[in-house]
Amino acid sequence: MTLTKFALASTVALGTLAIAAQANAADIYTPTSMKDAPIIVVPPTWTGFYFGGHLGAAWTQLETRKNEYWDGYDDSDLSFATFGGKNLNDQSAFGGGQFGYNWQTGGNFVLGIEVDIGGLGSDNERTFLATTYNDVTFSSAYSTAVVNVKSEGGFYGDVTGRLGYAWGNTLLYAKGGFAWIQPELKVRTVVSIDDDPNGTYTSSHTYDDTLTGWTIGGGLEFLLNPNWSVKVEYLHYDFELDNNNNRRWNDWDVDYNNWRLFKDSFTVDTVKLGVNYKLSQAPVYAPLK
C-alpha cells in the first residue's frame, strides 16, 4: 500500500470514528441517559457554621462623679468637701471564644450571627480624697474621707448580627447588637475624725452586678483554606451603670453620703485577633440540564 492510499484510508477511518462518536454522544444525552446524572454544586465560600477563639487589648473608661462628702458636724459649707482624683480608666488584655453562622447570598454579600464570650483581665485602682476643715482658714482639718476603688476585671459576652462584603477569600464586615459584662469593682471607704480618738469608720463593698448594653464595630476576615480563617476586629461597648450607690459608713450620714460613685456609663474599646474553623458543609447535588 502506497503512502497516499494509506493516508486516504486513515482519513476515512478517522471520519468514520468521528461520526460514530457523535452518534454515541447523541445517545448519551437522551432523557434516560447520563445527561440527567447529578453534578456537585459547591456551596458559597463563607456559608456555614463556625467556631473559634480570640485575644486582644481592651481600654476601659469608668468616669467618676464629683461626689460631695459631708462630715456630719453641721450644715455649713465647712462640713462639705468634693472628692478629687482621676477617672478609673485602664488598659488590659482579654480573651475568649466565639461561634456563629454565615450565609453568603450567592453574590458578594454575607449575612451572619455571632456570639462572643470571654474574660477581661484588669488590675487597676484609684484613691479619692476629701477633707473638711474647722475654720475658713483651712489650716485645721476636721475629718478626712478616703475612698479606694479597685478594678479586677470580669466576664463579658455579646450577641451580634454581621453584614459583610466578600471578594475572593476576604470578608469586610460590620457587626452590632446586645452586650453584657460582669465587672468586679471593690470599694473601701475610711473616714477619720481628727478630734475623736474613736472616730474612724470603714465600709467595704463589691460591685459585681451584671451590666447590659450594646456594642458596634467591624473587622476584616481572611480565609486561609476552605475551613480555617483569621480576623482582626474592633468593637466599642457601652454599658449602663445605674446601680452604683456607695454604702454609708455610719448612721448619721444617710441623707448626704449615700452617693453615686460613678457616672451612668461604663465603656470599653477593644481590638482583637481571632481564628475560626468553619465546619464542612455537605455539597448540593443537582441534575445537569
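Begin by selecting F99, which lies in strand β5, and keep in mind throughout that the model on screen is a predicted one. Is F99 buried, exposed or partly exposed? With a relative accessibility of 48%, F99 counts as partly exposed, because this value falls short of the cut-off of over 50% that would make a residue exposed. Show the surroundings of F99 next, leaving out residues up to four places away in sequence, and the residues that F99 touches are Y50, F51, I113, E114 and V115. If you then add N276, you will find its C-alpha atom 8.2 Å from that of F99, although the two residues are 177 residues apart along the chain.

From F99, widen the selection to the whole of strand β5, residues 90-104, together with strand β6, residues 109-120; the two run antiparallel and are joined by 11 bridges. To follow the register, pick G96, whose bridge partner in β6 is G118. The strands β5 and β6 form a hairpin with 4 residues between them, and in the turn G106 has a positive phi of about 110°. On to the next pairing: β6 is joined by 12 bridges to strand β8, residues 141-167, again in an antiparallel arrangement, and here E114 has T160 in β8 as its bridge partner.

Stay on strand β8 and select R162, which has its place there. R162 counts as buried because its relative accessibility is 6%, and the cut-off for a buried residue is under 20%. Which side chains make polar contacts with that of R162? One is the side chain of N102, at 3.2 Å, and another is the side chain of E221, at 3.5 Å. Apart from residues up to four places away in sequence, R162 touches a longer list that includes Y50, V110, L111, G112, E114, L171, Y173, A174 and K175.

Now go to H54, located in strand β2, which spans residues 48-64. H54 is buried, with a relative accessible area of 4%, and its side chain is joined to that of Q98 by a polar contact of 2.7 Å. Once neighbours within four places in sequence are set aside, the residues in contact with H54 include F94, G95, G96 and G97, as well as D116, I117 and Y156, and also K272, L273 and G274.

The next stop is strand β11, residues 211-223, with strand β12, residues 228-240, which pair in the antiparallel sense over 11 bridges. A hairpin of 4 residues joins β11 to β12, and a convenient pair to label is L220 with V232, its bridge partner in β12. Continue from β12 to strand β13, residues 262-278, which runs antiparallel to it with 13 bridges between them; along this pairing, H236 has D269 in β13 as its bridge partner.

Finish with the enclosed spaces. How many cavities of 30 Å³ or more does a search of the whole structure find? There are 4, and the largest has a volume of about 110 Å³. To centre the view on the largest cavity, select T60, S122, S151, L185 and F266, which lie nearest its centre among the 14 residues of its lining. Strands β2, β8 and β9, the last of these covering residues 170-193, each supply at least two residues of that lining. Coloured by residue class, the lining of the largest cavity divides into 7 nonpolar, 6 polar and 1 charged.

Notes
Residues numbered from 1 in each chain as written. Predicted model: local features only at pLDDT ≥ 70, side-chain atom pairs only at ≥ 80, totals over all residues. Heavy atoms only, no water. Pairing = 2+ DSSP bridges. Buried < 20%, exposed > 50% of the residue type's maximum accessible area, 1.4 Å probe, protein only. Polar contact = N/O pair within 3.5 Å; in protein donor to acceptor, adjacent residues only side chain to side chain. Contact = heavy atoms within 4.5 Å. 1 Å grid on protein atoms, 1.4 Å probe; cavity = no way out; pocket = protein on both sides within 12 Å on 5 of 7 lines; lining within 4 Å. Points joined across faces, edges and corners; volume = space filled by probe spheres on them. Nonpolar A, V, L, I, M, F, W, Y, C, P; charged D, E, K, R; others polar.
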